[in-house]
Structures are given as C-alpha cells and as structure tokens.
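Ready to practise reading a protein structure? Take your time with the exercises below, and try each task before you look at its solution.

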Amino acid sequence: QTNSTSSRLYSKGSFGYSVGYMLRTNGNVLLAEMASPAGTGVQCAGTTPLNDGKWHHVAAVFDRDANVTTYVDGKLEKACSISSFSGRSLNNSNNPTLGIYDADLASEPFKGKLDDARVWSTARSQAELVASMCDPLTGSESGLAGYWPLETDTKDKTSNASDGTLG
C-alpha cells in the first residue's frame, strides 16, 4: 500500500557493481529490473497505477533464461525478455533488502506499507501465484527461499533464517 511514486520493494545486488535484480515502484507503476556490471540491464514496467493508497499484491518472476514477468493483483502486467542473462549466475554477495535499495545506504526507502513478502528459488506460474497470494504460508513450501509475514517482526519463517532488521 503506497501513495508514493518511486521507491524500492525488494533488491538483491549492488547495481553497477554486480549482477542484481530489484522490484520497485517507478512513477506510479511496478518496475522489475535486472542489471550487470557491464552496465547492461533490462527494465520491465507495468501499467497499473499503484499509488492509489489501496493494498495490491505485486509479483515479479525472474526466469533468467527467458523473461521477467510482472503481475499486479494476480493479473499479468508485462513480460520482458532477459535472455541476455541466460546461463549467468544471479548469485551475488549482497544481502537482500526489503523496502530500501541498499542496506548500507538505506536509499530510496519504500513509502507505504509492506505485508507478507515472499522470495522463491523457482519461477512460479501465474496460476501458482494466484492460488497462494492471499493465503499465509507455513514456511516449508517447496522452492520457498524466504518468507516474511511482517505481522509482528521481521523473522524469516523458512529454515533459511534470513531474518531482517527494522531501521
């Protein structure tokens, strides 16, 4: 839920220095982005306004051998080719962040409310996203890499224990 026009939702990587990917609002729409140290990258912007003060379910599926696909409220927003990243490792040493761009800089903070953040190690289908987008998870679902319900704390409910901190 946001009234903001540009802020970070999720980020993994240090853009310009390593392979990275992020999900953010840009203008008033959802934007998924991938970048590499060579300065190449892909930005995939949706069209649904998000800065209306209402709750929205947003998702991006990064399949490095094909597309980054964005969804808002279970509906397909846009699919953009990221085949230039095919075969490349998306691993980097940066900690993932929720609500900010970079944990060290705390830049571009998300101006709104976040609830129930999930990161998967598998490319999920639209049907899979829709089937579980309104339901709480247990934390033991196959392919679930991180799950932060954000109800009372920033604890990761998966066995990966990627707990967050509030700043």
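Here are five exercises on this predicted model, each with a worked solution.

**Exercise 1. Getting an overview**

Task: Find how many helices and strands the protein has, and describe their order along the sequence.

Solution:
- Step 1. Count the elements: the protein has 1 helix and 10 strands.
- Step 2. Read along the sequence, and the pattern is β-β-β-β-β-β-β-β-β-α-β.
- Step 3. Add the surface: 41% of the 167 residues count as buried, and the accessible surface comes to about 8900 Å², with 50% of that belonging to carbon and sulfur atoms.

**Exercise 2. The disulfide**

Task: Work out which cysteines form a disulfide, and where they sit in the chain.

Solution:
- Step 1. Recall the chemistry: a disulfide is a covalent bond between the sulfur atoms of two cysteines.
- Step 2. Search the whole structure, and 1 disulfide turns up.
- Step 3. Check the distance: the sulfur atoms of Cys44 and Cys80 are 2.2 Å apart, and the cut-off for a disulfide is within 2.5 Å.
- Step 4. Place the partners: Cys44 is in strand 4 (residues 41-45) and Cys80 is in strand 7 (residues 75-81), so the pair, 36 residues apart, links distant parts of the chain.
- Step 5. Look at the twist: the link of Cys44 and Cys80 has 80° about the S-S bond and is right-handed.

**Exercise 3. Buried or exposed?**

Task: Decide whether Cys44, Cys80 and Cys134 are buried or exposed.

Solution:
- Step 1. Set the limits: buried means under 20% relative accessible area, and exposed means over 50%.
- Step 2. Cys44 has a relative accessible area of 0%, so Cys44 is buried.
- Step 3. Cys80 has a value of 10%, so Cys80 is buried.
- Step 4. Cys134 has a relative accessibility of 67%, so Cys134 counts as exposed.

**Exercise 4. A sheet and its edges**

Task: Give the strand order of the open sheet of 5 strands, and find which strands stand at the edges.

Solution:
- Step 1. Remember how sheets are held: strands of a sheet pair through backbone hydrogen bonds, either parallel or antiparallel.
- Step 2. Write down the order: this open sheet of 5 strands runs 4-3-2-1-8, with antiparallel pairing.
- Step 3. Find the edges: strand 4 and strand 8 (97-98) each have a single partner strand, so one side of each is left without a neighbour in the sheet.
- Step 4. Inspect one pair: strand 3 and strand 4 run antiparallel and are joined by 5 bridges. Ala35 has Gly41 in strand 4 as its bridge partner.
- Step 5. Look at a side chain: Glu33 lies in strand 3 (residues 29-35), and its side chain makes a polar contact with the side chain of Gln43 (3.3 Å). Glu33 has a relative accessibility of 14%, so Glu33 counts as buried.

**Exercise 5. A hairpin with two faces**

Task: Describe how strand 5 and strand 6 are joined, and which side chains of strand 5 are buried.

Solution:
- Step 1. Find the connection: strand 5 and strand 6 form a hairpin with 4 residues between them.
- Step 2. Look at the pairing: 5 bridges join strand 5 (residues 58-62) to strand 6 (residues 67-72), and the two run antiparallel. Ala59 stands opposite Tyr71 in strand 6.
- Step 3. Recall the rule: in a regular strand the side chains alternate between the two faces of the sheet.
- Step 4. Apply it to strand 5: Ala59 and Val61 point to one face and are buried, while Val58, Ala60 and Phe62 point to the other and are not.

Conventions: Residues are numbered from 1 along each chain as its sequence is written. This is a predicted model: local features need pLDDT of at least 70, side-chain atom pairs count only at pLDDT 80 or more; totals for chains, interfaces and linings use all residues. Side-chain values use heavy atoms; hydrogens and water are left out. Buried means under 20% relative accessible area, exposed over 50%, partly exposed in between (1.4 Å probe, protein chains only). A polar contact is a pair of N or O atoms within 3.5 Å; within protein, one must be able to donate a hydrogen and the other to accept it, and residues adjacent in sequence count only if both atoms are side-chain atoms. Two strands pair if DSSP finds at least two bridges between them. Accessible areas come from the Shrake-Rupley method with a 1.4 Å probe; for residues, only the protein chains shown count as cover.
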